[in-house]
Amino acid sequence: GALASPQLLMLSGIGDEATLRAAGGRCRLSLPAVGEGLQDHGAVTVAYECSIADGMSEIKPWMPYLNVLSPLALLKWATRGAGILATTFCDHGAFLRSRPAVELPDVQLRFVPGIGPDPDGVKAYELLGKGVQHPRYGYTLQVINCRPKAVGSVRIASADAMVAPEVRCNYLGRREDVAAIVRGVAVARSLARAGPLGEVSLKEVYPGEEVRSDEEVEAYIRRTLHSANGLSGGCCIGRVVDDELRVHGVAGLRVADG
């Protein structure tokens, strides 16, 4: 993947010489671009309680009193491959331009039929695994910066393969990235208050009705931003590998992943 492949190259002595030596490794091939093109899709959530049952309640109808999967949901999935358990839970959405001057979509929206127990989507998964769930029906629009400008890095911290690398996504390092998410939140809010969604939307849970100005929205973004699992660029084409994915300077070695 985008993190483990550059880590593996660096552990093998392929990468920036200073980085490798600082981590206690040795340099067999100087290739400074390894791990230096990392990008990810940063995301925040906009969520509303609603007046109809959601997907979370179909999976665990007795929460928060009993953390047990619904036998009916399991039966639908096991016998017909149907029902809420047959979905990825975020398989509906849209790509949009946050402003007319943008040539290609810069914001992605994911529709999730439920509300997580935390606005940080990654933290919410951790809490859900422990049985923590939002107490009311609702839905979430995850707002994703799908064309980030900022670039981060992944670098080994140790020559020990069991030590996790240092990952810097630098999500909000460019003003354009922050502005795109701010505009995306505004679009999500307008969708939630119009049309069919507007008919069922009740209280805004995230960011919350008290978060109104662009400055307040930006503060919410900086507080809750999380990964939308779009990591790429740890071994950039052109800089680390060629257009046939062959690692520069090493015969017989290719990297074919994120």
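**View 1. Phe111 sits partly in the open, as part of an aromatic group.** At 27% relative accessibility, Phe111 counts as partly exposed, because the partly exposed class runs between 20% and 50%. Keep in mind that this is a predicted model, so every value in these legends is computed from it. Tyr139 is a buried residue, with a relative accessibility of 3%. That figure is under 20%, the cut-off for buried. Phe111 belongs to one aromatic cluster together with Tyr48 and Tyr139.

**View 2. Two aromatic pairs hold the Tyr48, Phe111 and Tyr139 rings.** The count of aromatic pairs comes to 2. One of them is Tyr48 with Tyr139, a stacked pair with 5.9 Å from centre to centre and 20° between the planes. Tyr48 lies in strand β3 (residues 42–50) and Tyr139 in strand β6, so this pair ties together parts that are 91 residues apart in sequence. Are Tyr48 and Tyr139 buried or exposed? Both of them are buried. Now look at Phe111 and Tyr139: their ring centres are 5.7 Å apart and their planes meet at 25°, so this pair is stacked. Here too, distant parts of the chain get linked, with Phe111 in strand β5 and Tyr139 in strand β6, 28 residues apart.

**View 3. The largest pocket draws its lining from several helices and strands.** This pocket has a volume of about 580 Å³. Of the 25 residues lining the pocket, the closest to its centre are Val112, Gly121, Ala124, Tyr125 and Leu128. Which element gives the largest share of the lining? That is α5, with 6 residues. At least two lining residues each come from α3 (55–59), β5 (107–112), α5 (121–129), β6 (138–145) and β10 (226–227). As for chemistry, the lining of the largest pocket splits into 11 nonpolar, 11 polar and 3 charged residues.

**View 4. A cavity is lined by nine named residues, from Asp40 to Leu225.** The structure has 1 cavity of 30 Å³ or more, and about 30 Å³ of space lies in the largest cavity. Look for Asp40, Gly42, Asn145, Pro148, Tyr171, Leu172, Asp177, Ile181 and Leu225 around the space. Sorted by type, the lining of the largest cavity has 5 nonpolar, 2 polar and 2 charged residues.

**View 5. Ser70 is tucked into a loop.** You'll find Ser70 in the loop between α3 and α4 (71–80). Its relative accessible area is 8%, so Ser70 is buried. Which residues does Ser70 touch, once those up to four places away in sequence are set aside? They are Glu58, Ile59, Pro61 and Trp62.

**View 6. Lys76 and Glu58 bridge two helices.** Glu58, one of the residues that Ser70 touches, forms a salt bridge with Lys76, and the closest N and O atoms are 3.9 Å apart. Lys76 lies in helix α4 and Glu58 in helix α3, so the pair ties together parts that are 18 residues apart in sequence. Lys76 is partly exposed, with a relative accessible area of 26%. Glu58 also counts as partly exposed, at 32% relative accessibility.

**View 7. Arg21 and Glu17 pair up within one helix.** In this salt bridge, the closest N and O atoms of Arg21 and Glu17 are 3.1 Å apart. Why does the separation come to about one helical turn? Because Arg21 and Glu17 are 4 residues apart in helix α2 (residues 17–22). Arg21 is partly exposed, with a relative accessible area of 48%, and Glu17 counts as partly exposed at 35%.

**View 8. Arg246 meets Asp242, and other salt bridges build a network.** The structure holds 15 salt bridges. In one of them, the side chains of Arg246 and Asp242 come to 2.7 Å, N to O. Arg246 counts as partly exposed at 35% relative accessibility, whereas Asp242 counts as buried at 17%. Elsewhere, salt bridges that share partners join Arg175, Glu218 and Arg222 into one network.

**View 9. Val132 lies in the loop between α5 and β6.** At 37% relative accessibility, Val132 counts as partly exposed. Leaving out neighbours within four places in sequence, Val132 is in contact with Pro117 and Leu127. What separates the C-alpha atoms of Val132 and Trp77? The gap is 24 Å, for residues 55 apart along the chain.

Definitions and conventions: Residues numbered from 1 in each chain as written. Predicted model: local features only at pLDDT ≥ 70, side-chain atom pairs only at ≥ 80, totals over all residues. Heavy atoms only, no water. 1 Å grid on protein atoms, 1.4 Å probe; cavity = no way out; pocket = protein on both sides within 12 Å on 5 of 7 lines; lining within 4 Å. Points joined across faces, edges and corners; volume = space filled by probe spheres on them. Nonpolar A, V, L, I, M, F, W, Y, C, P; charged D, E, K, R; others polar. Phe/Tyr/Trp six-rings, centres within 6.5 Å; stacked < 30°, edge-to-face > 60°. Buried < 20%, exposed > 50% of the residue type's maximum accessible area, 1.4 Å probe, protein only. Contact = heavy atoms within 4.5 Å. Salt bridge = Lys/Arg side-chain N within 4 Å of Asp/Glu carboxyl O.
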